[in-house]
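Colleague: Please choose one part of this chain and go through its surroundings slowly, explaining each term as you go, since I am still learning to read structures.

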Amino acid sequence: IKLRLPMRSLWSSLLTFCAQCLVSASPFVLFQWYGYYLYCQSDNIQSQSSESVALLTPEGAGGTHPVPVWCDWRVPLPYSHIQSHYWDVGLLRYYRLKQVPNFLLAAPAVALGAYCLWRSRDLSRGHVTSKGTCGDSVVDLRVRLLPYSLHLVFLLLVGVLTMHVQVVTRFIFSSSPLLYWFSAEPILHTISPSLSPPSSSSSPPSPS
């Protein structure tokens, strides 16, 4: 029984995770499918206005309604076409001399994100004592912080390399709790040193 319980718990967690991902992604997937249905099906595209077709067709509105080029993509996403064609979103496309002010605008948020990643790596060597209904337990910060750290790494790479860099500030501040946790660390240390997280020199408590 002891061997089966962890596996059963693992499968339950995995199924829950997959269900949550499907629920979260379903609005985006359904909307992209709706765009494909409107603009890539010959029976439906003729009923669309020339202005709406022009937004999704590089040739623009010219009396006829050509099928947009993105309809032939392996993954036909109208949103990706609009971002690439009209907003010039793509890998390293924003790296131009005229965009230097926007990179300076994003620099504080990127620097804070990098600092949070460095602090999370430093703190991952420490341990904290968690108070719970079942008693105290030693929690390895490496396990707790790793998902948030990897998530922030992904956000920073996407924001700096592919997006309009000036939106990185709201992009990461609306998505990563690490920024708030480590920004609050100096305040916690000022209020009470005992509330600050352990440093890299901290050693795990000895078992009683």
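Modeller: What follows begins with one residue, Leu155, and then moves outward through its surroundings.

The model is a predicted one, so local features are described only where pLDDT is at least 70 and side-chain atom pairs only at pLDDT 80 or more, while totals for chains, interfaces and linings use all residues. Residues are numbered from 1 along each chain as its sequence is written, and side-chain values use heavy atoms, with hydrogens and water left out.

Leu155 belongs to helix α6, which covers residues 141-161; helices (H or I, at least four residues) and strands (E, at least two) are DSSP runs, numbered from the N terminus. With a relative accessibility of 4%, Leu155 counts as buried, a word that stands for under 20% relative accessible area, whereas exposed stands for over 50% and partly exposed for values in between (1.4 Å probe, protein chains only). Leaving aside residues up to four places away in sequence, Leu155 touches Phe171, Ile172, Ser175 and Ser176, where a contact means heavy atoms within 4.5 Å. Gly113 is 42 residues from Leu155 along the chain, and 9.5 Å separates their C-alpha atoms.

Two of those contact partners are worth following. Ser176 sits in the loop between α7 and α8 and is buried at 1% relative accessibility. Beyond four places in sequence, Ser176 touches Leu152 and Leu155. A polar atom of the Ser176 side chain also lies 3.4 Å from the backbone nitrogen of Leu178; this is a polar contact (a pair of N or O atoms within 3.5 Å; within protein, one must be able to donate a hydrogen and the other to accept it, and residues adjacent in sequence count only if both atoms are side-chain atoms). Ile172, the other partner, touches Ala109, Leu152, Leu155, Leu156 and Leu179, again not counting residues up to four places away in sequence.

Ile172 leads us to the core. In soluble globular proteins, nonpolar side chains tend to be buried together. The largest nonpolar core here has 15 residues, and those with the most contacts inside it are Cys116, Leu152, Val165, Val168, Ile172 and Leu178; such a core is a set of buried Ala, Val, Leu, Ile, Met, Phe, Trp, Tyr and Cys residues joined through side-chain atoms within 4.5 Å. At least two residues of this core come from each of α5 (100-123), α6, α7 (168-173) and α8 (178-191), with α6 giving the most, namely five. A second, separate core has five residues, among them Leu38, Tyr39, Cys40 and Cys71.

Two of the helices that supply the largest core are also joined by charge. Side chains of opposite charge can pair when their charged atoms come close. Glu185 and Arg119 form a salt bridge with their closest N and O atoms 2.5 Å apart, the term meaning a side-chain nitrogen of Lys or Arg within 4 Å of a carboxyl oxygen of Asp or Glu. Because Glu185 lies in helix α8 and Arg119 in helix α5, the pair ties together parts that are 66 residues apart in sequence. Both Glu185 and Arg119 are buried.

Not every nonpolar residue of this chain is hidden, however: Leu91, Leu92, Tyr95, Val153, Leu157 and Leu161 form a nonpolar patch on the surface, with about 540 Å² of accessible area together. Patches are made of residues with over 30% relative accessible area and no salt bridge, like charges being joined within 9 Å and nonpolar side chains (Val, Leu, Ile, Met, Phe, Trp, Tyr) within 5 Å, and accessible areas come from the Shrake-Rupley method with a 1.4 Å probe, where for residues only the protein chains shown count as cover. Leu91, one of the patch residues, lies in the loop between α4 (78-85) and α5 and is exposed, with a relative accessible area of 60%.

To place all this in the whole chain, there are eight helices and two strands, and buried residues make up 27% of the 208 residues.
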